[in-house]
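Please open the structure in your viewer and keep the selection panel at hand. The stops below are arranged so that each selection leads to the next.

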Number of protein chains: 2
Amino acid sequence: MENVRELFQIMTRRFGFLNKNCCSAGGCDISLVQSHILYEIDHQHKPSVQQVAEALGTDITTFSRQIQSLIKMNLVKKTPVPDDRRVHVLSLTTEGKYVAATIDQQMNAYLGEVFSHMNDFEKETVIRSVKLLNEAMAKSSLCCTTPIG
Amino acid sequence: MENVRELFQIMTRRFGFLNKNCCSAGGCDISLVQSHILYEIDHQHKPSVQQVAEALGTDITTFSRQIQSLIKMNLVKKTPVPDDRRVHVLSLTTEGKYVAATIDQQMNAYLGEVFSHMNDFEKETVIRSVKLLNEAMAKSSLCCTTPIG
DNA sequence: TATTATACTTGCATATTGCAATTAATTCGG
DNA sequence: CCGAATTAATTGCAATATGCAAGTATAATA
């Protein structure tokens, strides 16, 4: 059997390209990291700064600054928690939600285009496989450990 | 059906984590980009500076400097071509080959661990799916365009 | 031979990153 | 209840990475 790593190396690189392109929306350009942040804030329930940073595996100090940029761009809102005023929860502004939704659509369109080169059976197989892969990585102790999914 | 993008977002992020961890070998620490460069030089036949840069989608000036680092680390060799002395081909040094092989082993070990959470049928399905995905992305005009694979 | 094109490198200005230290708020031990 | 230790988040700073514009060297073309 051929080198498994080879297959995954190519795949991840290609997705890197895809992500690079897919990140401008609503007038403002969004970097890849920024799109991941928007995604994560959108999918967690009132997450704190730390929670999102950890989910993304980003250093907390770096993340703090990334959030500052997104706040300046008026895409993210930071609210102190009354119970514990050290903690600040993050949420998307209306504009942030719009941008996140737009990126989501774009990515789905790109993926749709990729899948258009397969038949329905292959497409279903691939989607099921990605799901399997995610589950397996979630179980893995060696790597890939993220609280999400 | 659930959001396809969501599945791929999680997957690519997890692979990002995996890659982050998997890149120290033979005493020296290797960054993610550097590991991709080593991989690519190893898999192309006497590639020029430009060819590798393009394969990786990196700006040529940035790439030039990345290669300089790798040469300093004694992992890569740059040789001018006699026929056309503007062109320089890249190759791995003995140490570079060793490091590339080590990273390859590490990555395969990680992937093996991930696959250990599946049965054989699932594993084969997933590998076949990744292959399908690579082929589809190669065909895609919208994105992911790379000379490789 | 002069112009144009190509392959690669450097200058500079900007952006990203992470460690160490700081601030502010909370919890714990006596 | 007060001071020490803990936690969440931010800033200082230094190192690294990035890309555009310009430069150098070689080759192709007219």
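The tour goes from the two protein chains and their interface to the two DNA strands.

**Before selecting anything**

This is a predicted model, in which local features need pLDDT of at least 70 and side-chain atom pairs count only at pLDDT 80 or more, while totals for chains, interfaces and linings use all residues. Residues are numbered from 1 along each chain as its sequence is written, chains are lettered from A and ligands numbered from 1 in the order in which they are written, and side-chain values use heavy atoms, with hydrogens and water left out.

**Stop 1: chains A and B together**

Select both protein chains and superpose one on the other. A rotation of 180° with 0.0 Å of shift along its axis places chain A on chain B with an RMSD of 0.1 Å; the fit is by least squares on the C-alpha atoms of residues with pLDDT of at least 70 in both copies. The two copies are therefore related as by a two-fold rotation axis.

**Stop 2: the interface**

Next, select the residues of each chain that touch the other. Contact (heavy atoms within 4.5 Å) joins 60 residues of chain A to 60 residues of chain B. Of the interface residues of chain A, 100% are also interface residues in chain B, so the copies meet through the same surface.

The area buried between chain A and chain B is about 6400 Å², and carbon and sulfur atoms give 65% of it. Buried area here is the accessible area (1.4 Å probe) that two parts lose on being put together, summed over both. Highlight R5(A), R13(A) and R14(A): these supply 13% of the area that chain A buries against chain B, more than any other three residues.

**Stop 3: polar links across the interface**

Show side chains at the interface. Between chain A and chain B there are 22 residue pairs in polar contact, both residues being at pLDDT 80 or more. A polar contact is a pair of N or O atoms within 3.5 Å; within protein, one must be able to donate a hydrogen and the other to accept it, and residues adjacent in sequence count only if both atoms are side-chain atoms.

Colour chain A by secondary structure, with helices (H or I, at least four residues) and strands (E, at least two) taken as DSSP runs numbered from the N terminus. The side of chain A that touches chain B draws at least two residues from each of α1 (4-21), α2 (32-43), α3 (49-56), α5 (94-115) and α6 (120-139). Its largest share, 16 residues, comes from α1(A).

Which side chains meet D104(B) and E40(B) in salt bridges? A salt bridge is a side-chain nitrogen of Lys or Arg within 4 Å of a carboxyl oxygen of Asp or Glu. R5(A) pairs with D104(B) at 3.0 Å, N to O, and R13(A) pairs with E40(B) at 2.7 Å, N to O. The latter pair crosses between chains, from helix α1 of chain A to helix α2 (residues 32-43) of chain B. The count between chain A and chain B is 4 salt bridges, and the structure holds 6 over all chains.

**Stop 4: DNA strand D**

Select DNA strand D and the protein residues near it (a heavy atom within 4 Å). It is surrounded by 20 residues, the closest being S64(A), K78(A), R65(B), Q66(B) and R86(B). Of the strand D atoms within 4 Å of the protein, 64% belong to sugar or phosphate and the rest to bases.

Zoom in on individual side chains:

- S64(A) has a polar side-chain atom 2.7 Å from a phosphate oxygen of strand D.
- R65(A) has a polar side-chain atom 2.8 Å from a base oxygen of strand D.

**Stop 5: DNA strand C**

Finally, select DNA strand C. Here too 20 residues surround the strand, and the closest are Q66(A), S64(B), R65(B), K78(B) and H88(B). Return to R65(A): one of its polar side-chain atoms lies 2.9 Å from a base oxygen of strand C. On chain B, a polar side-chain atom of Q68(B) lies 3.1 Å from a phosphate oxygen of strand C.
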